[in-house]
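Hi,

Here is the structure I promised to pass on to you. Have a look through it first, and then read on for my notes.

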Amino acid sequence: MRTRSTLLRAVAGLGVGALAVTPAVVAGPSYAASHPAVAHADPPADPGDYYAGTDGLSGAALKAKLHEIISKQTVLSYDGVWDALKDTDQDPANSSNVIEIYSGRSTPKTNNGGDPDNWNREHVWAKSHGGFDTVPGPGTDVHHLRPEDVSVNADRGNLDFDNGGSAVDQCADCFSDADSWEPRDAVKGDVARMIFYMAVRYEGDDAFANLEVNDRVGNGTAPNIGTLSTLKAWSQQDPPDAFEQRRNEVIFTTWQHNRNPFVDHPEWVASIF
Ligand SMILES: [Ca+2]
Ligand SMILES: [Ca+2]
Ligand SMILES: [Ca+2]
């Protein structure tokens, strides 16, 4: 049986052309139907090895090497994020729509911004946690920016992540209380891996704060998000699926040219955090 990393190397070895984001590749059932064929391609002799230099590393050393690797990227404008999300979060069953991360709702790409039932650009790492706002950098990094219903996005606000609370309006299986937000089960791991990406990508060696995960709620404007123990559990219970893996691939090939290491190697979560 092939491992996930073998499959990803196989995908990577097919090159940009094979992964080009065209309706023929990603629209409707054709994307899902084509995915197993891609995954079963023969692994290339040389996988290209995006993660060269990480063999044998763990903990802080692995984090430092991954930071170096994933910091080489194209930085998008905040306007450019609209175009990127219409691609990265396209509904596999309807190429005219995007999937909202928390609500899970499929909604027309063209209904972006404005009306409370349209979608806008949710910062999963709340942009007030570290104060990076929407200037190019963490505020425009689509590895953690996702489409979400305008009013649900407002309900999430800048809450830390944890289990529990009351049901959220217009967001099935989402819960919140005064200091935390719990997304639906299907994206709990996605959320965790986005947060872990941000903690590794942003280390305070540029114009922005060093973002780090901690094990508390109520972080406010500190450059931290919690809770670590819950996010680690979420990553375990909801491993990467085809949608999340495609998203990572499209960000890499088309938009930012960097990857979320925890989508490729979920086992690195436990090594670093
Ligand atoms: Ca709404
Ligand atoms: Ca998931
Ligand atoms: Ca950091």
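Along the chain, the donors of the calcium ion (ligand 1) follow the spacing P-D-x31-D-x1-S-x18-Q. Two of these residues link distant parts of the chain: Pro 116 sits in the loop between strand 3 (106-108) and strand 4 (119-123), whereas Ser 151 belongs to helix 7 (residues 150-156), 35 residues apart. Please keep in mind that this is a predicted model.

Which atoms do the donating? Pro 116 gives its O, Asp 117 an OD, Ser 151 its OG and Gln 170 its OE1, while Asp 149 is listed twice, each time with an OD. These protein donors lie 2.2 to 2.7 Å from the calcium ion (ligand 1).

As for the geometry, the 6 donor atoms subtend angles of 49 to 166 degrees around the calcium ion (ligand 1), so the arrangement is irregular. An octahedral label for six donors would need opposite donors over 155 degrees apart and all others between 65 and 115.

Are the two linked residues buried or exposed? Pro 116 has 46% relative accessibility and therefore counts as partly exposed. Ser 151 is partly exposed too, at a relative accessible area of 22%; the cut-off for buried is under 20%.

There is also a sheet to look at. It is open, has 4 strands in the order 6-9-8-7, and its pairing is mixed. Strand 6 (160-161) and strand 7 (166-168) form the edges, each pairing on one side only. Strand 6 runs parallel to strand 9 (residues 180-182), with 2 bridges between them, and Asp 160 has Ser 180 in strand 9 as its bridge partner.

Enjoy exploring!

Technical notes
Residues are numbered from 1 along each chain as its sequence is written. Chains are lettered from A and ligands numbered from 1 in the order in which they are written. This is a predicted model: local features need pLDDT of at least 70, side-chain atom pairs count only at pLDDT 80 or more; totals for chains, interfaces and linings use all residues. Side-chain values use heavy atoms; hydrogens and water are left out. Donors are N, O and S atoms within 2.8 Å of the metal (3.2 Å for Na, K and Ca); water is not among the atoms, so sites may look incomplete. Four donors count as tetrahedral if all angles lie between 85 and 135 degrees; four count as square planar and six as octahedral if opposite donors are over 155 degrees apart and all others between 65 and 115; anything else is irregular. Buried means under 20% relative accessible area, exposed over 50%, partly exposed in between (1.4 Å probe, protein chains only). Two strands pair if DSSP finds at least two bridges between them.
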